Amino acid sequence: MDTLVLDEKHARFYCGQVVLALEYLHNLDIVHRDVKLENILIEADGYLKLADLGIAKIVKGRTYSMCGTEGYMAPEILLNMGHGKPVDWWSFGVLLFSMCAGRVPFASHNMMRNAEKIILGIYCTPSHFSNQLSDLINNLLQVDLTKRYGNLRRGVKDIKEHPWFNEINWLALLNHKLIAPFKPKFTAVDQVLKFKLKQHKEIRLKVAKENMSRTVRQMYYQGSRDRDLTLHRDLVSLFLNYLVLLPYTRSIHLKSP
């Protein structure tokens with residue numbers, strides 16, 4: 001089997017965290033709308049972070065934006081029927097399938113054919129999937145919104161209490177008390193950061209300075225006073241330093257005493 005395919009035990013640990021992340025976002029009426037493998041990051045302790053809220057949106061009813069990633073988009077997005085939180089649970093179903101199969105369930109070289117498969121819910125489950133995993137995915141990849149897990153009367157409980165997740169202690173997972181199956185090893189972090197900064201600083205500064213200089217020139221032509229221009233130049237300098245360091249800052253976790 002492909003080494004990129006996770007066994008169900010490990011997939012359960014990682015997907016459980018995605019469930020908790022989506023549960024939190026949905027409680028805030030935020031729909032992520034781009035749940036996929038590429039948007040999942042792993043920290044030094046082996047736990048995950050759901051990243052890239054670039055197309056996330058506060059949705060209390062329906063929204064009609066056409067957005068997402070091909071292969072992960074829910075049928076209602078493709079059909080422009082209006083969508084809400086259930087699209088995240090569809091994408092989660094695709095994510096779960098991908099982790100355990102090493103591929104997305106809906107894939108075709110023909111974009112229209114791929115969209116047709118998604119709209120009709122046509123996919124094949126690998127033979128090595130357990131019955132419980134197949135059942136969970138089947139209930140997540142439901143074209144009919146009235147049958148899709150996460151969108152029923154019990155909400156996320158239908159997912160968290162599904163037999164496939166029986167081995168998960170949700171409170172322990174939430175508090176990072178479970179042992180992660182994999183922890184990335186970082187060596188010479190400072191050297192890596194310095195190399196990255198040196199490698200990208202010149203390009204980032206050049207682009208940012210060009211953009212900012214146009215703004216400063218525009219302010220000058222609009223009659224800004226010298227002292228205001230000096231102040232803005234100081235702010236621009238501060239912003240440039242922040243811009244260079246931003247991609248390499250590490251997240252800080254505040255824990256209750």
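Which residues do ring pairs link into a cluster? In this predicted model, the cluster joined by ring pairs consists of Trp-90, Phe-97, Phe-106, Tyr-123 and Phe-129. Across the whole structure, the search returned nine aromatic pairs. Phe-13 and Tyr-14 make up one of these pairs, with an edge-to-face arrangement in which the ring centres are 5.2 Å apart and the planes meet at 75°. Phe-13 and Tyr-14 are both buried.

Phe-13 also pairs with Tyr-47. The centres of these two rings are separated by 5.1 Å and their planes are inclined at 70°; because planes over 60 degrees apart count as edge-to-face, the pair of Phe-13 and Tyr-47 is assigned to that class. This contact connects distant parts of the chain, since Phe-13 belongs to helix H1 (residues 8-27), whereas Tyr-47 lies in the loop between strand E2 (40-42) and strand E3 (48-50), 34 residues apart. Tyr-47 is buried, as is Phe-13.

Two tryptophan rings were found with a charged group over them. The charged end of Arg-12 is placed over the ring of Trp-164, at 4.7 Å from the ring centre. In the other case, the charged end of Lys-160 is positioned over the ring of Trp-170, 5.3 Å from the centre of that ring.

With regard to cysteines, the structure contains zero disulfides. For Cys-15, the closest cysteine sulfur is that of Cys-100, at 6.3 Å; as a disulfide requires sulfur atoms within 2.5 Å, this separation is too far for a bond. Cys-15 has a relative accessibility of 0% and is therefore classed as buried. Cys-67 is likewise buried, its relative accessible area being 13%, which is under the 20% limit for that class.

Cys-67 also contributes to the lining of the largest cavity. A search of the whole structure identified one cavity of 30 Å³ or more, and the volume of the largest cavity is about 50 Å³. Besides Cys-67, its lining comprises Arg-33, Asp-34, Val-35, Gly-68, Thr-69, Tyr-72, Met-73, Ala-74, Ile-77, Val-87 and Ser-91. Classified by side-chain type, the residues lining the largest cavity are seven nonpolar, three polar and two charged.

How values were computed. Residues are numbered from 1 along each chain as its sequence is written. This is a predicted model: local features need pLDDT of at least 70, side-chain atom pairs count only at pLDDT 80 or more; totals for chains, interfaces and linings use all residues. Side-chain values use heavy atoms; hydrogens and water are left out. On a 1 Å grid over the protein atoms alone, a cavity is a set of points where a 1.4 Å probe fits but cannot get out, and a pocket is an open set with protein on both sides within 12 Å along at least five of seven lines; lining residues have an atom within 4 Å of a point. Grid points are joined across faces, edges and corners, and a volume is the space filled by probe spheres set on the points. Ala, Val, Leu, Ile, Met, Phe, Trp, Tyr, Cys and Pro count as nonpolar, Asp, Glu, Lys and Arg as charged, and the others, Gly among them, as polar. Rings of Phe, Tyr and Trp (its six-membered ring) pair if their centres lie within 6.5 Å; planes under 30 degrees apart count as stacked, over 60 as edge-to-face and the rest as tilted. Buried means under 20% relative accessible area, exposed over 50%, partly exposed in between (1.4 Å probe, protein chains only). Helices (H or I, at least four residues) and strands (E, at least two) are DSSP runs, numbered from the N terminus. A charge sits over a ring if NZ of Lys or CZ of Arg is within 6 Å of the ring centre and within 35 degrees of the ring normal.
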